[in-house]
Amino acid sequence: FDAGPSAHWIALSAEQREAACQAALDSESLRLVGYEKGIRVIDAHKPYAVTIKFEGDATVGVKRKAALILEKILRTNCDPRLEVFCLEMKDASQLRRL
């Protein structure tokens, strides 16, 4: 059984959800990726999902570890039903995209 997002979280506008998620991530960015403002909320229009983007030059390993912790942070601070998605990054190599 999935109860879905809380009524309070659904009642917030997308901008309010984005701001709440961003505040939670800003407070943990230094600890998770090693620098401030290293995680940016891209989208929180759906009440059950938030899309993020890693800023800066953190390694892939650091980003992977942080992504697992981010979902726990957002579920604790915002809504227990939230799922975190990372912005898809396209491969920069033209040869691999053929």
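## What helix H3 packs against

Let's start with the packing around helix H3. In this predicted model, the buried residues of H3 pack against helix H2 (14-33) and the strands S1, S2 and S3. Which residues of H3 are buried? Ala66, Leu70, Ile73 and Leu74 are.

## The helix itself

H3 covers residues 60-77, which makes 18 residues. From its first C-alpha to its last, H3 reaches 25 Å, close to the 26 Å expected at 1.5 Å a residue.

## Strand S2 and its two partners

Now for the strands. S2 takes in residues 49-54, and 5 of its 6 residues are buried, so you can think of this strand as mostly covered.

S2 pairs with strand S1 (residues 39-43) in the antiparallel sense, over 4 bridges. One pair to look for is Ile39 with its bridge partner in S2, Phe54. S1 and S2 form a hairpin, with 5 residues between them.

How does S2 pair with strand S3 (residues 83-86), in the parallel or the antiparallel sense? Here the sense is parallel, again over 4 bridges. To find this pairing in the structure, try Ala49: its bridge partner in S3 is Glu83.

While you're tracing strands, here's a handy rule: in a regular strand the side chains alternate between the two faces of the sheet.

## Putting the pieces together

Follow the chain through S2, H3 and S3 and you've traced a right-handed β-α-β unit. The two strands of this unit, S2 and S3, are the ones that pair in the parallel sense, and the buried residues of H3 pack against both of them, as well as against H2 and S1.

How values were computed. Residues numbered from 1 in each chain as written. Predicted model: local features only at pLDDT ≥ 70, side-chain atom pairs only at ≥ 80, totals over all residues. Heavy atoms only, no water. Buried < 20%, exposed > 50% of the residue type's maximum accessible area, 1.4 Å probe, protein only. Pairing = 2+ DSSP bridges. Right-handed = clockwise from strand over helix to strand, strands pointing away. Expected span 1.5 Å × (residues − 1). Contact = heavy atoms within 4.5 Å.
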